[in-house]
Amino acid sequence: MKNVIQFFLVAISLSVHAQEGMKKDTIVEKYTDIEAVTINDKDYDKVNYSYGLKQEINNRLKIGNSPSTYEMGLEFKNNLKQKGRISNVFLFLHKTDPDYKLVDLEINFYKIDALTGKPQERLNTKQIIYTPKNKKRTNVKINVENYHIPFPEEGVLVAVRWLHDGIKDKDIGPSVRLTTYKEILTYTRYDEKIGWGAFSLSRKPGIYTNLMMGLEVYIKKRKDIRE
């Protein structure tokens, strides 16, 4: 079944395939599996924030006939309330239709405003680009250690931006995978001059559509007071 929904002047189609009796998809957040690692500083621990890794329904977002670049991000809350550094981003790309044009994805990181809960200033000072290899469904790991991106106590929004490269009136990809969760964690915008807006295609109360994404963070270890 395929539904086409207009959002922020961007034509978006959501394809859902689910087996009868299948449970709703959930977003799983893990921050208890901490292992000691060495990343320029032996005093850091690695923490994995993994959203939507257990996919029980098949949702995808397709961008069509967009008048400008489209940006979509997922909020990662800092439940440990400790500052850290971001090392890897995990994208979950869906199958892209054969007639869609693949474009580069720009990866951006935004600080979360403590008062409004919305994305604020950008944290990365350099452009980070991922070039899709094909139109197949795949998981992508993007290392960003060399960009020295902080993980603030307020959390961070990790966003992907489809770069048109002069393409107009053309459906573009890659498509991204979506899931559902009890909170709205996804924000979108189609123009930097216009603010971020909360995103959800679900109309059921307590169930919201979110982008599937993972994040790997290095958190500074707490020092032993006896040291």
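This is a short talk on the fold, core, aromatic pairs and cavities of one protein model.

Morning, everyone. A caution to start: the model is predicted.

Fold first. There are 19 strands and zero helices. The protein has 227 residues, and buried residues make up 50% of them. Now the contacts. Take those with a separation of 6 or more: 81% of them join residues 24 or more positions apart. The accessible surface comes to about 12,100 Å². Carbon and sulfur atoms hold 48% of that surface.

On to the core. Nonpolar side chains tend to be buried together in soluble globular proteins. Here, the largest nonpolar core has 40 residues. Which residues have the most contacts inside it? They are Leu91, Phe109, Trp162 and Leu215.

Take Leu91. Set aside its neighbours within four places in sequence. Leu91 is then in contact with Leu105, Ile107, Val140, Ile142, Val160 and Met213, and also with Thr138 and Asn139. Apart from the 40-residue core lies another core, of six residues. Its members include Tyr110, Ile112, Leu157 and Tyr187.

Next, Ile86, in strand E7. Its relative accessible area is 2%, so Ile86 is buried. Beyond residues up to four places away, what does Ile86 touch? The list runs Phe109, Val144, Glu145, Ile149, Pro150, Phe151, Val156, Leu215, Glu216 and Val217. Two of those names, Phe109 and Leu215, came up a moment ago in the largest core. Look at Pro150 too. Ile86 and Pro150 sit 64 residues apart in sequence, yet their C-alpha atoms are 6.1 Å apart in space.

Now the aromatics. The structure holds two aromatic pairs. One is Tyr70 with Trp162, and this pair is tilted. The ring centres are 5.8 Å apart, with 35° between the planes. Where do the partners sit? Tyr70 is in strand E6, residues 70-76, and Trp162 is in strand E14, residues 156-162. That pair links distant parts of the chain, 92 residues apart. Both Tyr70 and Trp162 are buried.

The other pair is Tyr110 with Trp196, and this one is edge-to-face. Centre to centre is 5.2 Å, and the planes make an angle of 70°. Tyr110 belongs to strand E9, residues 105-112. Trp196 lies in the loop between strand E16 (186-189) and strand E17 (197-198). The two are 86 residues apart, so again distant parts of the chain are linked. Are these partners buried or exposed? Tyr110 has 3% relative accessibility and therefore counts as buried. Trp196 is at 9%, so Trp196 counts as buried as well.

Now a charged residue. Asp97 lies in the loop between strand E7 (84-93) and strand E8 (101-102). Why does Asp97 count as buried? Because its relative accessibility is 14%, and the cut-off is under 20%. Leaving aside neighbours within four places, Asp97 is in contact with Arg60, Lys62 and Lys135.

Last, the cavities. The count is two cavities of 30 Å³ or more. I'll show the second largest, with about 40 Å³ of space. Its lining is Leu91, Phe92, Leu93, Leu105, Val160, Val176, Leu211, Met212 and Met213. Which strand gives the largest share of that lining? Strand E7, with three residues. Leu91 is back again, on the cavity wall and among the residues with the most contacts in the largest core.

That's the tour. Happy to take questions.

How values were computed
Residues are numbered from 1 along each chain as its sequence is written. This is a predicted model: local features need pLDDT of at least 70, side-chain atom pairs count only at pLDDT 80 or more; totals for chains, interfaces and linings use all residues. Side-chain values use heavy atoms; hydrogens and water are left out. Helices (H or I, at least four residues) and strands (E, at least two) are DSSP runs, numbered from the N terminus. Buried means under 20% relative accessible area, exposed over 50%, partly exposed in between (1.4 Å probe, protein chains only). Contact means heavy atoms within 4.5 Å. Accessible areas come from the Shrake-Rupley method with a 1.4 Å probe; for residues, only the protein chains shown count as cover. Rings of Phe, Tyr and Trp (its six-membered ring) pair if their centres lie within 6.5 Å; planes under 30 degrees apart count as stacked, over 60 as edge-to-face and the rest as tilted. A nonpolar core is a set of buried Ala, Val, Leu, Ile, Met, Phe, Trp, Tyr and Cys residues joined through side-chain atoms within 4.5 Å. On a 1 Å grid over the protein atoms alone, a cavity is a set of points where a 1.4 Å probe fits but cannot get out, and a pocket is an open set with protein on both sides within 12 Å along at least five of seven lines; lining residues have an atom within 4 Å of a point. Grid points are joined across faces, edges and corners, and a volume is the space filled by probe spheres set on the points.
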